[in-house]
Amino acid sequence: MTSTSAPAATPELQALAEAVARRRNFAIISHPDAGKTTLTEKLLLYGGAIQQAGAVKAKGEQRKVTSDWMELEKQRGISITSTVLQFDYSGSTINLLDTPGHQDFSEDTYRTLAAADNAVMLEDAAKGLEPQTRKLFEVCRMRRIPIFTFINKMDRPGREPLELLDEIEQELGLACWPVNWPIGSGDRFRGVIDRRTQQVILFQRAERGRASEEKVLSVEEARSSGAVEPELLDAALEELELLEAAGNELDLELVHAGELSPVFFGSAMTNFGVRPFLDAFLELAQKPIPRSSSAGEIEPVRPGFSGFVFKLQANMDPRHRDRVAFVRVCSGKFEKDMTVQHARTGKTIRLSRPQKLFGQDRAVVEDAYPGDVIGLNNPGMFAIGDTLYLGQKVEYEGIPCFSPEIFAWLRNPNPSAFKSFRKGVNELREEGAVQILYDTDQSKRDPILAAVGQLQLEVVQYRLESEYGVQTRLEPLGYAVARWVVGGWPALEKVGRIFNCKTVRDAWDRPVLLFKNEWNLNQLGEDHPDLELSAVAPVVSGVEPIAL
Ligand code: G4P
C-alpha cells in the first residue's frame with residue numbers, strides 16, 4: 001500500500017514538512033584533481049562549518065582532509081573513506097555526502113550516490129570530461145539523479161566553454177543550461193555574466209580561506225568602468241545570445257529528471273563563483289525525494305521514521321574498535337533512543353547512540369530528518385541496503401554491486417590464524433570494502449577478492465593485518481571484466497560449454513563470469529547471443545550471503 005503525502009496537519013507533521021522543505025542533499029562526482037576538496041572546503045566556509053578553509057585540506061604535503069582517518073590514508077595522502085558534512089546556509093540545511101577521492105574506491109562512491117538526491121559534477125575547465133567522472137555519471141543516470149555541473153579552474157587557461165558544453169551534451173547525452181557564462185579565461189578571466197539577472201560578477205581573487213565578496217555590475221557599468229575589456233565582454237554576450245537562440249530552456253522538471261544540467265563556471269581555489277553556485281543550487285536542487293520500497297513510494301513526510309543503510313565502516317576510531325552504519329533518513333522524524341524495526345531480520349532495535357559525523361568529530365544526534373544521514377553503532381547487526389522503520393513495514397530497494405575489474409586469491413599462509421582470517425574477510429565483505437567471490441570447485445576454499453582498483457585490495461590486506469592480526473598473500477587472477485549471468489545457473493547450463501572465461505560464484509551463490517578482456521566478453525556475446533549478462537549484480541534481499 002502506498003502511504004499518502006497529505007496526512008492531517010498536526011504540529012509534528014507540519015514541523016516534519018518544514019524540515020523536509022529546508023533540506024538539500026548532494027554528492028560531488030569528479031575525477032581526482034578536478035578540485036573536489038577545494039570546492040568542499042569553500043562550500044563549508046559559506047556554511048560557517050569551518051572557520052578557515054584549510055581545515056579541510058592543509059596546504060602542501062600534508063594533504064589532509066577532515067574526513068580522512070585511517071592510518072593508510074594518512075600514509076598515502078589519499079582520501080579513501082567517505083563521510084557526511086552537514087551545514088546550514090541561508091535558511092537551508094545542506095548535507096554534503098563526501099565521497100572518496102581515489103578512483104579505486106568508486107564502489108564506495110556508488111553506494112553513497114544511492115543516498116544522494118542531487119549530484120554536482122565537477123570538471124576541470126582544461127580537461128573537460130574525464131574517465132572517473134563518466135563512470136560516476138552513469139550511476140547518476142541509472143538513478144536519474146539531477147546533475148549540477150561546476151566547471152572549475154577558470155582562472156587558468158582552459159578549453160572553450162561552448163566546446164565543454166558540447167562534450168557533455170554529445171557524450172553524456174545530458175542537455176546543459178548555463179546559469180552563468182564566463183568572460184574571458186585564464187589570465188584574461190574577468191568574471192561571469194549571470195544569465196538570469198544579466199549582471200556581471202567580477203572576478204577577484206579572494207584571500208586564501210576567505211569568503212569572497214563579489215563585485216556585481218550591470219553590463220553597461222562593466223563596460224563603461226573599464227573593468228572588463230570590451231572585446232571580451234562582447235564575445236561573452238555574443239555567445240550568450242547564441243545560447244538563448246539555439247540552446248535549451250531552463251525546465252525544472254527536466255533538471256529533476258536528470259536530463260538537463262544547470263552549469264556554472266567558477267574557480268574554487270580563488271573562491272570565485274562558489275556562493276552564486278550555492279544560492280542557485282538551493283533554488284534549483286531537488287528536496288528529499290520519495291523513495292521506492294516494497295510498500296510503494298514512500299514520501300519523506302510519511303509520519304513514521306524509515307531509512308536505509310548505505311555504508312558500513314569498521315574501526316573508524318581505532319581506540320574504540322567500533323563499527324558505524326550510515327543510515328540515510330527517508331521518512332519521518334528520527335529521534336535518539338528510538339526503538340525501530342529491522343526489516344531484514346524482523347528484530348526490534350533501540351537506536352541509543354546515534355551520531356552525526358563531521359570528519360573525525362562526532363556528536364550525538366538528538367533528531368534527524370529526511371535527507372539527513374546518521375551514524376549508528378553497528379554491533380554486527382546491519383548490512384548494506386538494510387531498512388529500518390517504524391509503523392507499517394517498509395523495505396527499500398537494495399543497493400546494487402558494481403562490476404569489479406581486478407581479482408585476486410586471498411591466501412592465508414598461517415592455518416592457526418584461520419578464525420581471525422574468516423572473521424576479517426566476512427566483516428570486510430559485509431562492510432562492502434571488497435566483493436568476495438568463490439571458486440565453483442568447493443575444495444578451493446580461499447576467497448577471491450574482487451575490487452575496482454589495486455589500492456582497494458591493499459586496504460583490505462592492510463586492515464586484515466592491523467584490525468584482525470592476520471597477514472595474507474594476494475595472488476592475482478589475471479581477469480579484468482566480470483559479468484553476472486541473468487537467469488542464474490539454469491541459464492548458464494542451458495548454453496553448455498563456454499570458452500575463454502572463468503565461472504565463479506558470488507556471495508549469494510550466483511554465477512559470475514570472469515573475462516581477461518572486453519574482446520573475450522564480446523566473443524561470448526557473439527557465440528551465445530541468448531545468454532544475458534549484466535555488469536551490475538541484481539539486488540538481493542531477505543537472503544543471507546555465504547560466509548567464508
Ligand atoms: P580533488 O579533491 O578533486 O582531488 O582536487 P583538489 O581540491 O585537491 O585540487 C587539486 C589541485 O587543483 C590542487 O592543487 C588545488 O589547489 C587545485 N585547484 C582546485 N581548484 C582550483 C581552481 O579553481 N584554480 C586553480 N588554478 N587550481 C585549483 P595542488 O597543487 O595539488 O594543491 P595545493 O598546493 O594548491 O594545496
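Student: Why is Pro 413 called exposed?

Tutor: Happy to start there. Pro 413 has a relative accessible area of 52%, and exposed means over 50%, so the label applies to Pro 413. Please keep in mind that this is a predicted model.

Student: Where is Pro 413, and what lies 6.6 Å from it in space?

Tutor: Pro 413 is in the loop between strand E25 (406-411) and helix H11 (418-431). Its C-alpha is 6.6 Å from that of Thr 472, although the two residues are 59 apart in sequence.

Student: What makes Gln 198 and Asp 509 partly exposed?

Tutor: Gln 198 has 38% relative accessibility and Asp 509 has 35%. Buried needs under 20% and exposed needs over 50%, so both values fall in between and both residues are partly exposed.

Student: What is notable about the phi angles of Gln 198 and Asp 509?

Tutor: Phi is positive in each, and neither residue is a glycine. The value is near 60 degrees for Gln 198, in the loop between E8 and E9. For Asp 509 phi is about 55 degrees, and this residue is placed in the loop between strand E30 (501-506) and strand E31 (511-515).

Student: Let's turn to the rings. Why is the pair of Phe 189 and Phe 272 called edge-to-face?

Tutor: A ring pair is described by the distance of the centres and the angle of the planes. For Phe 189 and Phe 272 the centres are 5.5 Å apart and the planes are at 85 degrees. Centres within 6.5 Å make a pair and planes over 60 degrees apart make it edge-to-face, so Phe 189 and Phe 272 meet both conditions.

Student: How do you know that Phe 189 and Phe 272 are buried?

Tutor: Phe 189 has a relative accessibility of 2%, and Phe 272 also has 2%. The limit for buried is under 20%, so both rings belong to buried residues.

Student: What makes the pair of Phe 203 and Phe 272 a link between parts of the chain?

Tutor: Phe 203 is in the loop between strand E9 (199-202) and strand E10 (215-218), while Phe 272 is in the loop between E11 and H10, so their pairing ties together parts 69 residues apart in sequence. This pair is edge-to-face as well, with 5.3 Å between centres and 90 degrees between planes.

Student: Why does Arg 195 count as lying over the face of Trp 177?

Tutor: Arg 195 is 4.3 Å from the ring centre of Trp 177. The distance limit is 6 Å, with a further condition on the angle to the ring normal, so the distance fits, and Arg 195 is indeed listed over the face.

Student: And the ligand: how do you know that Thr 37 and Asn 152 make polar contacts with it?

Tutor: An N or O atom in the side chain of Thr 37 is 2.4 Å from a ligand oxygen, and a polar side-chain atom of Asn 152 is 3.1 Å from one. The cut-off is 3.5 Å, so both count as polar contacts. The protein buries 80% of the 710 Å² that the ligand exposes when taken alone.

Technical notes. Residues numbered from 1 in each chain as written. Predicted model: local features only at pLDDT ≥ 70, side-chain atom pairs only at ≥ 80, totals over all residues. Heavy atoms only, no water. Polar contact = N/O pair within 3.5 Å; in protein donor to acceptor, adjacent residues only side chain to side chain. Areas by Shrake-Rupley, 256 points an atom, 1.4 Å probe, with all protein chains shown as cover. Phe/Tyr/Trp six-rings, centres within 6.5 Å; stacked < 30°, edge-to-face > 60°. Buried < 20%, exposed > 50% of the residue type's maximum accessible area, 1.4 Å probe, protein only. Helix = DSSP H or I, 4+ residues; strand = E, 2+ residues; numbered from the N terminus. Lys NZ or Arg CZ within 6 Å of the ring centre and 35° of its normal.
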